[in-house]
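Hi,

Here's the structure I promised to send over. Have a look first, and my notes on what turned up follow below.

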2 protein chains.
Amino acid sequence: MLELIAFDADDTLWQTEDLYARTQDRFEQLMAPFGQAQAVAQKLRQTESRNLELYGYGIKAFMLSMLEAALELSDGGIAGRDLQTLINWGREMLTADVRLLQDVESTLAVLSRSHPLMVLTKGDLRDQESKLSRSGLGGYFTHTEIVSHKSRDTYAALLAKYHVAASRFLMVGNSLRSDVLPVVELGGFAVHIPYYLTWEHEQVASNATDTRSYFELENIAGLPALVERLHRL
Amino acid sequence: MLELIAFDADDTLWQTEDLYARTQDRFEQLMAPFGQAQAVAQKLRQTESRNLELYGYGIKAFMLSMLEAALELSDGGIAGRDLQTLINWGREMLTADVRLLQDVESTLAVLSRSHPLMVLTKGDLRDQESKLSRSGLGGYFTHTEIVSHKSRDTYAALLAKYHVAASRFLMVGNSLRSDVLPVVELGGFAVHIPYYLTWEHEQVASNATDTRSYFELENIAGLPALVERLHRL
């Protein structure tokens with residue numbers, strides 16, 4: 001019955017928010033001469049939020065936001081070597097080991113035997129392709145789609161492109177806002193696998209969700225059994 | 001006979017290199033206290049080239065390369081307000097008017113009546129989608145594909161995805177290296193429309209090309225007649 005199973009990548013297949021959170025901690029320490037940790041964190045969040053429309057998602061956008069926040073917090077007085085340090089942290093993030101979440105590989109191995117699988121992720125093109133390649137998971141996926149946002153229209157266009165009806169599509173991801181709600185609206189199936197860290201931008205008010213219309217799993221390992229259940233419907 | 005006509009975007013549909021060249025001129029002026037124009041330009045080129053694999057294409061990558069080159073050229077001594085100026089120039093580039101090249105709109109209007117058209121461009125996802133949207137050309141294209149590089153494998157994968165044989169595919173672009181040679185290798189048709197500025201990275205040695213296997217047009221306005229000729233083959 002299901003013709004296509006798509007997976008979000010960041011914090012669904014591999015850790016991502018941890019990397020940002022760790023760099024943000026270091027940023028707060030570096031900027032300590034110019035402000036309390038809380039004020040520094042707030043400035044960075046505001047800068048990211050202001051830049052989101054212009055820069056989009058991803059580590060390069062985050063690097064630019066760190067640099068801008070550092071210049072603004074220090075009123076241009078921050079030392080050049082500290083700015084270079086920020087750039088170096090970004091470069092470390094871009095080349096950091098891809099840490100797979102638990103049971104991801106074994107689950108994909110099982111499901112890829114019976115279904116075409118797709119990676120369907122937001123973010124920076126180069127960065128996401130590089131992570132997929134370094135993750136070693138590339139072989140399990142028939143399709144890769146990297147998109148700039150995940151709205152109902154994005155999903156509708158993708159399903160049309162692949163000639164798949166929404167009722168035969170299952171999306172798996174950690175973001176209610178991006179991975180679950182728009183798919184459910186279209187009449188597709190969605191599985192929410194929460195990650196302990198959620199980027200503020202991805203959070204939705206809990207009353208915006210209807211818990212009956214999608215599935216929630218604690219761990220991706222439960223997915224093959226769920227897929228089998230759907231096939232028996 | 002042709003089932004799909006794809007167009008490169010930057011410097012094929014609209015001006016792009018001009019924007020980079022103009023910002024590079026301003027960069028040379030700003031960095032004059034730290035080096036001769038030629039040395040500054042060389043440093044920026046080297047930095048871009050070093051970063052290409054890690055950052056990919058696009059304006060955000062260029063912004064980071066300008067900042068890194070400025071920090072290195074000044075040995076960290078450049079003023080914070082000058083770095084902010086570099087960031088502002090990048091932001092201007094990201095929101096600059098999209099300047100269509102001559103006869104692009106009328107040509108797309110003609111061809112879109114008889115063929116499905118695709119935008120097939122390298123670069124930064126958010127940036128390219130934004131330019132397409134601001135260009136007003138979106139309505140002429142059935143498909144949009146933004147890729148991180150344009151190799152023979154990239155084209156082969158795309159044609160498989162759209163179920164189009166290479167022999168029924170025509171690619172139009174300003175880069176021999178990215179738009180023409182890989183398509184010709186696959187057995188497809190390609191039209192080269194040179195732009196007066198070519199980014200160094202896209203240049204190929206002239207002996208790498210076989211002038212018999214692709215078409216060259218001075219202006220995109222010649223495309224409908226060429227397509228008609230191909231259909232009569």
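B:Asp103 counts as partly exposed, because it has 13 C-beta neighbours inside 10 Å; the cut-offs are 20 or more other C-beta atoms within 10 Å for buried, 12 or fewer for exposed and anything in between for partly exposed, with C-beta atoms placed from the backbone. You'll find B:Asp103 in the loop between α4 and α5 (104-112) of chain B. Its phi is near 65 degrees, a positive value in a residue other than glycine. Helices and strands here are DSSP runs numbered from the N terminus (H or I over at least four residues for helices, E over at least two for strands).

A couple of housekeeping points. This is a predicted model, so local features need pLDDT of at least 70 and side-chain atom pairs count only at pLDDT 80 or more, while totals for chains, interfaces and linings use all residues. Residues are numbered from 1 along each chain as its sequence is written, and chains are lettered from A and ligands numbered from 1 in the order in which they are written.

B:Asp75 also has a positive phi, about 50 degrees, although it is not a glycine. B:Asp75 sits in the loop between α3 and α4 of chain B and is exposed, with 10 other C-beta atoms within 10 Å. Over in chain A, A:Asp75 follows α3(A) and has a positive phi near 50 degrees.

That helix deserves a look. α3(A) runs for 15 residues and reaches 21 Å from its first C-alpha to its last, close to the 21 Å expected at 1.5 Å a residue (the expected span is 1.5 Å times one less than the number of residues). It is mostly covered, with 13 of the 15 residues of α3(A) buried.

What sits at the heart of the largest nonpolar core? That core has 42 residues, and those with the most contacts inside it are A:Met66, A:Leu67 and A:Ala70 together with B:Met66, B:Leu67 and B:Ala70. (A nonpolar core is a set of buried Ala, Val, Leu, Ile, Met, Phe, Trp, Tyr and Cys residues joined through C-beta atoms within 7 Å.) The elements giving two or more residues to it are α2 (37-55), α3 (59-73) and α4 (80-95), from chain A and from chain B. Leaving out residues up to four places away in sequence, A:Ala70 touches A:Met31, A:Ile78, A:Leu83 and A:Leu86; a contact means C-beta atoms, placed from the backbone, within 7 Å.

On to how the copies relate. A turn of 180 degrees and a shift of 0.0 Å along the axis lays chain A on chain B with an RMSD of 0.0 Å, and the two copies are thus related as by a two-fold rotation axis. (The superposition is by least squares on C-alpha atoms of residues with pLDDT of at least 70 in both.) They meet through the same surface, because 100% of the interface residues of chain A are also interface residues in chain B.

Chain A itself has nine helices and six strands. Its C-alpha trace spans about 65 × 35 × 30 Å along the principal axes. The radius of gyration of chain A is 19 Å, which agrees with the value near 17 Å for a compact globule of 233 residues (taken over C-alpha atoms, the rule being 2.2 Å times the number of residues to the power 0.38). Buried residues make up 41% of those 233 residues in chain A.

Now the sheets. Chain B has an open sheet of six strands in the order β3-β2-β1-β4-β5-β6, with parallel pairing; strands pair if DSSP finds at least two bridges between them. β3 (143-147) and β6 (215-216) of chain B stand at the edges with a single partner strand each, so one side of each has no neighbour in the sheet. β1 (residues 4-7) and β4 (residues 169-173) of chain B pair in the parallel sense over four bridges, and B:Leu4 has B:Phe169 as its bridge partner in β4(B). β4(B) and β5(B) are also parallel over four bridges, with B:Met171 partnered by B:Ala190 in β5(B). Both faces of β5 (residues 189-192) of chain B are covered: B:Phe189 and B:Val191 on one side, B:Ala190 and B:His192 on the other, are all buried.

Cheers

Conventions. Two residues are in contact if their C-beta atoms, placed from the backbone, lie within 7 Å.
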